[in-house]
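Colleague: I am new to this one. Can we go through it piece by piece, with the reasoning behind each label?

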Amino acid sequence: MKMDVLLGLQWGDEGKGKIVDVLAPEYEIVARFQGGPNAGHTLEFDGIKHVLHQIPSGIFRSQILNIIGNGVVLDPIVLKREIDGLGKFSIDYMKNLVISKKATIIIPTHKLLDAALEQSKGDKKIGSTLKGIGPTYQDKIGRTALRVGDILSPDFKEKYEALVAKHKTTLSFYSHPLDELPGMEEQFFAAVEFFKTLNLIDSEYVVNDALDSKKRILAEGAQGSLLDVDFGSYPFVTSSSTMAAGACTGLGVAPSKIGEVFGIFKAYCTRVGSGPFPTELFDKDGEDMRKEGNEFGSTTGRPRRCGWLDLPALRYSIMINGVTQLFMMKGDVLNIFKEIKVCTHYVLPSGEKIDKLSFEITEQDVSPVYKTMKGWNCSLENIHSYENFPAELKEYVEYLEAELNVPIKLVSVGPDRTQTIMR
């Protein structure tokens, strides 16, 4: 049995949570492989909207085991809050949620460092969510981080104090105040005590034993491929590997055990924070897109930057991930447009026309070249099959499929579980 991987192909916020929830009944395990509480996965069903930050999106299906893998950076405070929020839905998290002992822990001073480092950048801010993600991954790579298994150690407090002392040296350099730290630490240690009661495991054995037992596993990514620390629009990226390869290192699974790679993309583009965005709209179309799509961060509430679909960027993400199936999200957001544009190429300042996402794109302002298509300009609310799609929507889907050379197997036309059309 091979593990399937589901990930975003743009700058995040593609709708991964909804699709994990929709696909979950086909799997016995859903495993999150990277990212931290800066990722907000939104699910909507039975008239209720749910936002998950660290817990895998299969948690609402009682028959599914949900694994938080070693590649994730975990904030105990946020995790406790999330689990408390699940209480009203009678979810037995002791039965269907397990956490890798090798996952890295976000401690309070990571958040202070995040704020200090972002502030020091001035006009060149990356657009961090200030959740402590970047500094935690820095400590992980620097081999000084604390991991989930460390909380069970009798000298955890000493390890914690040693790391905090290191952080305070850096915070002192930036003259960053520590007034909030005592209150943050009180919350943190209360959450750590709760953390100790959870199922903490060597998840790489659980995942590989499950594959050997022919159990179906879906690996769930966070953020998007264009935010990958290696292949994204660096330095305006996240601090982990958001691609299919990250599922291997984030769960301890060999590349030969990867099966289907499901790539999710919006019918248009959005981005949160700083960084290049060739198709960004600054006009009424961009504002209308934001309002219609409710494009505000599920974690931060920040308004998302909006623009037309970018084919060179999408092809790039498909290539580096080895995507085998495409899922198009938020087709309904384009209902309001009489005309829809798709970026097919870029023009560099030199006048050269390219169709690749080159290294220089983060340094140069490129101009998008658009193909204009007729919009469907009608509601999709009562449509439940692809055959009943407006002709213009079918034309849009089939044009993209031909250009991307990967089948589009699913089109989402609304936030609810039921508004998911399989092809």
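Modeller: We start with the core, and keep in mind that this is a predicted model. The largest nonpolar core has 72 residues. Those with the most contacts inside it are M3, M289, L326, M328, L334, Y396 and L400.

Colleague: Which helix gives the largest share of this core?

Modeller: Helix α12, residues 391-404, with six residues.

Colleague: What does M289 touch?

Modeller: Leaving out residues up to four places away in sequence, M289 touches Y268, L281, E295, C306, G307, W308, V333, L334 and F337. Touching here takes heavy atoms within 4.5 Å.

Colleague: What other core lies apart from it?

Modeller: One of 31 residues. L86, I99, I105 and A191 are among them.

Colleague: Now the helices. Why is α4 called oblique to α7?

Modeller: Helix α4 covers residues 108-120, and helix α7 covers residues 181-195. They pack at an angle of about 140°, with their axes 9 Å apart. Roughly antiparallel needs over 145, and roughly perpendicular runs from 65 to 115. The angle of about 140° fits neither, so α4 is oblique to α7.

Colleague: Which residues meet there?

Modeller: From α4, P108, T109, K111 and L112. From α7, L181, M184, E185 and F188. The residues of this contact divide into five nonpolar, one polar and two charged.

Colleague: How do you know that H167 is buried?

Modeller: H167 is found in helix α6. Its relative accessible area is 1%. Buried means under 20%, so H167 counts as buried. Apart from neighbours within four places in sequence, H167 is in contact with I107, T109, H110, L113 and D139.

Colleague: And D4: what makes that residue buried?

Modeller: D4 has a relative accessible area of 6%. The cut-off is under 20%, so D4 is buried. D4 lies in strand β1. Its contacts beyond four places in sequence are Y27, R216, I217, L218, A219, G259, E260 and F262.

Colleague: Why does R32 count as buried?

Modeller: R32 sits at 1% relative accessibility, and under 20% is buried, so the label holds. The residue is in strand β2, residues 29-32. R32 and A219 are 187 residues apart in sequence, yet 5.8 Å apart in space, C-alpha to C-alpha.

Colleague: How far apart are the C-alpha atoms of Y93 and T104?

Modeller: They are separated by 20 Å, at 11 residues apart along the chain. Y93 is in helix α3, residues 93-96.

Colleague: Why is Y93 called partly exposed?

Modeller: Y93 has 23% relative accessibility. Buried stops at 20%, and exposed needs over 50%. The value falls in between, so Y93 is partly exposed. Beyond four places in sequence, Y93 is in contact with I83, F194 and L198.

Colleague: What does UniProt list as "binding site"?

Modeller: The unreviewed UniProt entry lists D13 and G40. D13 lies in the loop between β1 (3-8) and α1 (16-23).

Colleague: What makes D13 partly exposed?

Modeller: D13 is at 28% relative accessibility. That is not under 20% and not over 50%, so D13 counts as partly exposed. Neighbours within four places aside, D13 is in contact with K266, T270, V272 and R304.

Colleague: Next, the backbone. What is notable about phi in R143?

Modeller: R143 has a positive phi of about 65°, although it is not a glycine. Most residues other than glycine have a negative phi. R143 is in the loop between α5 (133-141) and α6 (156-173).

Colleague: How do you know that R143 is exposed?

Modeller: Exposed means over 50%, and R143 has a relative accessible area of 78%, so R143 is exposed.

Colleague: And K330: why is that residue partly exposed?

Modeller: K330 is at 23% relative accessibility, between the cut-offs of 20% and 50%, so K330 is partly exposed. Its phi is near 60°, a positive value in a residue other than glycine. K330 is in the loop between β15 (325-329) and β16 (339-347).

Colleague: Which residues does a cis peptide bond join?

Modeller: Y234 and P235, with omega about 5°. Most peptide bonds are trans. P235 is found in the loop between β10 (217-220) and α9 (244-251).

Key. Residues numbered from 1 in each chain as written. Predicted model: local features only at pLDDT ≥ 70, side-chain atom pairs only at ≥ 80, totals over all residues. Heavy atoms only, no water. Axes fitted to C-alpha atoms, helices over the stretch in contact; angles between N-to-C directions. Helix = DSSP H or I, 4+ residues; strand = E, 2+ residues; numbered from the N terminus. Parallel < 35°, antiparallel > 145°, perpendicular 65-115°, else oblique. Nonpolar A, V, L, I, M, F, W, Y, C, P; charged D, E, K, R; others polar. Core = buried A, V, L, I, M, F, W, Y, C linked by side-chain atoms within 4.5 Å. Buried < 20%, exposed > 50% of the residue type's maximum accessible area, 1.4 Å probe, protein only. UniProt positions renumbered as here; feature names shortened; annotations may be inferred.
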